[in-house]
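Please open the structure in the viewer and keep the selection panel at hand. The tour proceeds from one local feature to the chains as wholes.

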Amino acid sequence: MMNLILLIILLFLLIYTSGTQGIKVFISLCINFFLLITCFYIIVLGIDAKIVSILICFLIARVVLFFVNGENVKTTSSMISIVIVLILLLSSIFIVTKITRIAGFSEEAFEEINMFEYEVGLDFSNITVAMILIGLIGAIIDSSIAISSALHEVHINNKTLNKKELYNSGITIGKDILCTTMNTLLFAFISEFMTLIIWYKTSSYTILEIINSKLFVSEIIKILFSAIGCILVIPITSYVTANNLKKKEKI
Amino acid sequence: MKINSKFELITILSIIILSIFTTIFSINDDFMYKKSILKITHIENIKEEVVQNSTGIHEKIYTKEIEGIYTNGKNKNKKEKIIYDESYSSVVTDKYKVGDKIFVDSNEIVGLKRDTYIVIFIWIFILLLFILGKKRGILTLVTVGINTIIFYYGLSLYLKGINLLLMCFIISILSTVISLALVNGINKKTLSAILSTLLSLSILLIMVLLVCKLSKYSGINFTEINFLTVPYEDVFIAEIMIGGLGAIMDVSMTIVSAISELIEKDPKISIKSLKKSGKEISKDIMGTMINVLFFTYLCSGLDTFVLATRNGFSIINYITNNLTIEETRFLVGSIGIVLTIPVSLFVTIKFFKTEGDK
């Protein structure tokens, strides 16, 4: 019930502050929720979670970019950059989860899952890869669209800039948004971390035990991959957008 | 990436040297641990069996004999053999390899030694941040570090008996002021961003408290956090507030800089057209910001979802039962984002227009 009340408040505020655009945001959220649950369901059916997650990320990016912001040079450039970043990240996330063995549940979560049987016949290391990848798609889309639309503005206001100069101003804009994005991510993760830290402090874990525990390590890896994704997307989007803007000019 | 100045060269070199040093240290820090550490030298498959759970799903369970040498404590250099059951799905077990270091407590495996990986990974992040962001990157790192320390100490104070909500509010004020002032310097823009952040946060807090009290947390499933020995409703509210704070800061800073830019370019601009442009800007950022929170929060339920549905639970049951805390976090954060738009517009216009008139 409580979530329903919050949902209604959110819908009301969205319509009040931005009218039709607000409704569009709300619809795109519903589509994303549907996509997410479908993706969860396909993973449960036993299809490789890595492949499902990268396809669903692609779909989600399409919905967020083309449905809410419309199809244009900005969004197509963002789309290309997001796909590049996702492919780069997928392989490294896979390797890191394999090495650090963060798949599955840690002992801190046993109480939550002890009503289930553990023999489920699905490799949880793939599921962890999917979790990290889908978890960071939102942040990457945010950074990417911020850069491509800012670059577009720069291009319109100053058409004499060449590709290299455009790329450089993309990096400069990227630096500005990097800090605030990091902060948004940090606070979102601190909010998830709080329970964990209180738990560690009340049950007198030592620092050494904390940095080796599966739960802590997997949270850190999640936040760092989101951050690394946001860092990587800045030069890639700047390059792709600068390229596309100049290409369009020639035609 | 080109290296443009001596400063950058020195910083990159020192990052690399420090990272090599700390990594080597973390590989050889076994003496610091009280628990015994075993370095695996040999693994042998003893038995392989297929089990079936109550919903008819088959899974392989491997019984392995792990052989290794202790690397610390009084048993140092002694050999040891441990029998370990490993499942294919690794829901609660891990797959160990030769060369891994594992913690062992009275002949049972506790877990993998992961500190080296964490150290290497954090350094890779720092290096990337510096290569792209240069001085800005370091500043970001400092902000993130300070915020983490503030939270850590705030939570320590809470465990000593200070009211959690009060503490969270003080922490929020502190980290808002520090983050915004560090990144943008102390000026009128920062001041109005701080003001609108805090105003939005207060409104959000009152709203959330009201909704919580009215609905008495109906439909929220606390099993995920009820292993805490402290009152978890308080922790829950504090958590969702902090989760929204970053996003609120982000939105209000964006709006404040855009509005002040407009006023700077045309000091005679009317309040009406300022409001209109403010709304235009907010439309662009709102959708993607809400999506950041959506995926960050809701995706963290995937592993429980897989476990629950493979155990025969329905999806609806999962959405209305297991995912509720993440849903609340996301909803409160999004309300925070949307709420901040009119609030920061109002604050900025008041702030800049009255100052400008004098």
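Select Gly312(B), which sits just after H7(B) and takes a positive phi of about 90°. The model is predicted, and this backbone angle is computed from its coordinates.

Next, extend the selection back to helix H7 of chain B, residues 302-310. Is this helix enclosed or open? Of its 9 residues, 9 are buried, so the helix is largely enclosed by the rest of the structure. Buried here denotes under 20% relative accessible area. The set includes the charged residues Asp303(B) and Arg310(B), as well as Leu302(B), Phe305(B), Val306(B) and Leu307(B).

Now display what surrounds the helix. The buried residues of H7(B) pack against three helices of chain A, namely H1 (2-45), H4 (110-113) and H5 (124-157). From chain B, helix H8 (315-321) joins this packing.

The partners in chain A lead to the interface. Select the contacting residues of both chains: 103 come from chain A and 121 from chain B. About 10800 Å² is buried between the two chains, and carbon and sulfur atoms give 74% of that area. On the chain A side, highlight Met2(A), Arg101(A) and Phe187(A), which lose the most area to chain B. Together these three account for 7% of what that side buries.

Hide chain A and view chain B alone. Its secondary structure comprises 9 helices and 5 strands. Read from the N terminus, one helix precedes the five strands, and the remaining elements are helices. The radius of gyration of chain B is 26 Å, well over the 21 Å that the globule rule gives for 358 residues, so the chain is more spread out than a compact globule. Its C-alpha atoms fill a box of roughly 85 × 60 × 40 Å along the principal axes. Buried residues make up 52% of the chain. Colouring by charge shows 38 positive and 32 negative side chains, with the centres of the two sets 9 Å apart.

Finally, switch to chain A. This chain has 8 helices and 0 strands. Its C-alpha trace spans about 60 × 40 × 35 Å along the principal axes, and 62% of its 251 residues are buried. Among contacts with a separation of 6 or more, residues 24 or more positions apart account for 80%. The charged side chains number 17 positive and 17 negative, and the centres of these sets lie 16 Å apart. The accessible surface of chain A comes to about 9500 Å², of which 69% belongs to carbon and sulfur atoms.

Definitions and conventions:
Residues are numbered from 1 along each chain as its sequence is written. Chains are lettered from A and ligands numbered from 1 in the order in which they are written. This is a predicted model: local features need pLDDT of at least 70, side-chain atom pairs count only at pLDDT 80 or more; totals for chains, interfaces and linings use all residues. Side-chain values use heavy atoms; hydrogens and water are left out. Helices (H or I, at least four residues) and strands (E, at least two) are DSSP runs, numbered from the N terminus. The radius of gyration is taken over C-alpha atoms; the globule rule is 2.2 Å times the number of residues to the power 0.38. Buried means under 20% relative accessible area, exposed over 50%, partly exposed in between (1.4 Å probe, protein chains only). The place of a charge is taken as NZ of Lys, CZ of Arg, CG of Asp or CD of Glu. Contact means heavy atoms within 4.5 Å. Buried area is the accessible area (1.4 Å probe) that two parts lose on being put together, summed over both. Accessible areas come from the Shrake-Rupley method with a 1.4 Å probe; for residues, only the protein chains shown count as cover.
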